[in-house]
Amino acid sequence: MDNYKIIEIKQSVFEDNDKQASLLREELKENKTFLLNLMSSPGSGKTTTVLRIINELKDEMKIGVLEADIDSDVDANTVSKTGAKVIQLHTGGMCHLDADMTKQGLDELGTDDVDFAILENVGNLVCPAEFDTGSSKNAMILSVPEGDDKPLKYPLMFTISDLLLINKIDAIDYFDFSIDKVVKYAKKLNPNIKIIPISARTGEGINELANWLRGEINIWNEI
């Protein structure tokens with residue numbers, strides 16, 4: 001007989017997080033606050049995309065932003081200039097946010113006067129996909145310079161995302177990148193994923209993104 005125990009810690013961690021995420025989602029529904037969890041690799045254009053979203057929707061709804069980073073407040077400082085409420089979250093070296101960390105951030109942000117909250121997750125295509133943050137919808141960005149094979153390399157991220165933004169399409173002529181391949185790979189993993197090509201730099205595709213968000217926020221508030 002073995003003289004030691006094997007404890008499935010990973011499973012326990014995920015189970016506890018999933019319970020907290022469900023509770024947070026219920027709370028957000030009651031408050032009629034829509035939370036978008038935005039994920040991507042570093043340098044994909046998350047913050048620039050967030051700025052575009054705010055500028056498109058700030059006259060229609062009250063927006064709050066949670067900026068998650070291992071360190072620094074660069075992104076929070078940038079976003080604060082839009083006039084949106086913003087909180088900087090430092091993860092203490094962790095490469096993701098979980099439901100409890102998200103709730104702490106939302107409590108500090110205050111959701112009573114926030115219709116639409118954006119969580120800009122830590123730049124990483126692996127860890128953030130593993131933890132349910134309690135968000136209303138998950139979105140991810142794949143930028144053209146990263147390559148069109150990312151759905152094959154990081155399938156979980158594409159599987160759990162409701163929205164895929166293909167960013168930096170203004171630079172597509174300079175890279176060996178096929179939007180058709182990304183669509184094919186992503187749809188095979190997740191047939192229901194919505195895919196919108198954008199350029200956060202030029203604004204191309206942002207109107208379609210804003211319309212998608214309006215529709216999802218309306219559905220959320222009707223539930």
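This is a short talk on the sheet, the nonpolar cores, the aromatic pairs and one loop residue of a predicted model.

Hi everyone, and thanks for coming. Please keep in mind as we go that the model is predicted.

Let's start with the sheet. It is an open one with 7 strands, and the order across it is E3-E2-E4-E1-E5-E6-E7, with parallel pairing. Which strands stand at the edges? They are E3, residues 85–90, and E7, residues 194–197. Each of those has a single partner strand, so one side of each is left without a neighbour in the sheet. From one strand to the next, the twist averages 20°.

Now let me walk you through a few of the pairings. E2, residues 63–69, is joined to E4 by 5 bridges, and the two run parallel. Within that pairing, Ile63 stands opposite Phe116 in E4. E2 also pairs with E3, again in the parallel sense, over 6 bridges. There, the bridge partner of Gly64 is Lys85 in E3. Further along the sheet, E1 and E5 run parallel and are joined by 5 bridges, and Ser40 stands opposite Ile141 in E5. Lying across E1, E2, E3 and E4 is helix H4, residues 99–109, which runs at about 145° to E3.

Let's stay with E2 for a moment. How many residues of E2 are buried? The count is 7 of the 7, so this strand is largely enclosed by the rest of the structure. As a reminder, in a regular strand the side chains alternate between the two faces of the sheet. In E2, Ile63, Val65, Glu67 and Asp69 point one way, while Gly64, Leu66 and Ala68 point the other way. Notice that Glu67 and Asp69 are among the buried residues here.

Val65 is a good residue to click on in this strand. Its relative accessible area is 0%, so Val65 is buried. Leaving out residues up to four places away in sequence, Val65 touches Val50, Ile54, Val79, Lys85, Val86, Ile87, Leu109 and Ile118. The C-alpha atoms of Val65 and Leu119 are 6.0 Å apart, although the two residues are 54 apart in sequence.

On to the nonpolar cores. The largest has 41 residues, and the ones that touch the most other members are Leu57, Ile63, Leu106, Phe116, Leu209 and Leu213. Which helix gives this core its largest share? That is H9, residues 206–222, with 7 residues. Leu57 shows how the parts meet: beyond residues up to four places away in sequence, Leu57 touches Ile63, Phe116, Ala210, Leu213 and Arg214. There is also a second, separate core of 16 residues, and Leu142, Val144, Ile166 and Ile169 are included in it.

Next, the aromatic rings. The count comes to 3 aromatic pairs. One of them, Phe14 with Phe131, is edge-to-face, at 5.1 Å centre to centre and 65° between the planes. Phe14 lies in helix H1, residues 9–31, and Phe131 in the loop between helix H5 and strand E5, so the pair ties together parts that are 117 residues apart in sequence. Phe131 counts as buried, at 13% relative accessibility.

Then we have Phe34 and Phe116. Their ring centres are 5.9 Å apart and their planes are at 55°, so this pair is tilted. Phe34 is in strand E1, residues 34–40, and Phe116 is in strand E4, residues 116–120, which puts the partners 82 residues apart. Are these two buried or exposed? Phe34 counts as buried at 1% relative accessibility, and Phe116 is buried too, at 0%. Together with Trp220, Phe34 and Phe116 form one aromatic cluster.

Last stop: Asn124, in the loop between E4 and H5. A polar atom of the Asn124 side chain lies 2.6 Å from the backbone nitrogen of Val126. The backbone nitrogen of Cys127 is also within reach of a polar side-chain atom of Asn124, at 3.3 Å. Apart from neighbours within four places in sequence, Asn124 is in contact with Ser40, Ser41, Pro42, Cys95 and Met157. You may remember Ser40 from the sheet, where it stands opposite Ile141.

That's the tour, so over to you for questions!

Note on methods
Residues numbered from 1 in each chain as written. Predicted model: local features only at pLDDT ≥ 70, side-chain atom pairs only at ≥ 80, totals over all residues. Heavy atoms only, no water. Core = buried A, V, L, I, M, F, W, Y, C linked by side-chain atoms within 4.5 Å. Buried < 20%, exposed > 50% of the residue type's maximum accessible area, 1.4 Å probe, protein only. Helix = DSSP H or I, 4+ residues; strand = E, 2+ residues; numbered from the N terminus. Contact = heavy atoms within 4.5 Å. Phe/Tyr/Trp six-rings, centres within 6.5 Å; stacked < 30°, edge-to-face > 60°. Polar contact = N/O pair within 3.5 Å; in protein donor to acceptor, adjacent residues only side chain to side chain. Pairing = 2+ DSSP bridges. Axes fitted to C-alpha atoms, helices over the stretch in contact; angles between N-to-C directions.
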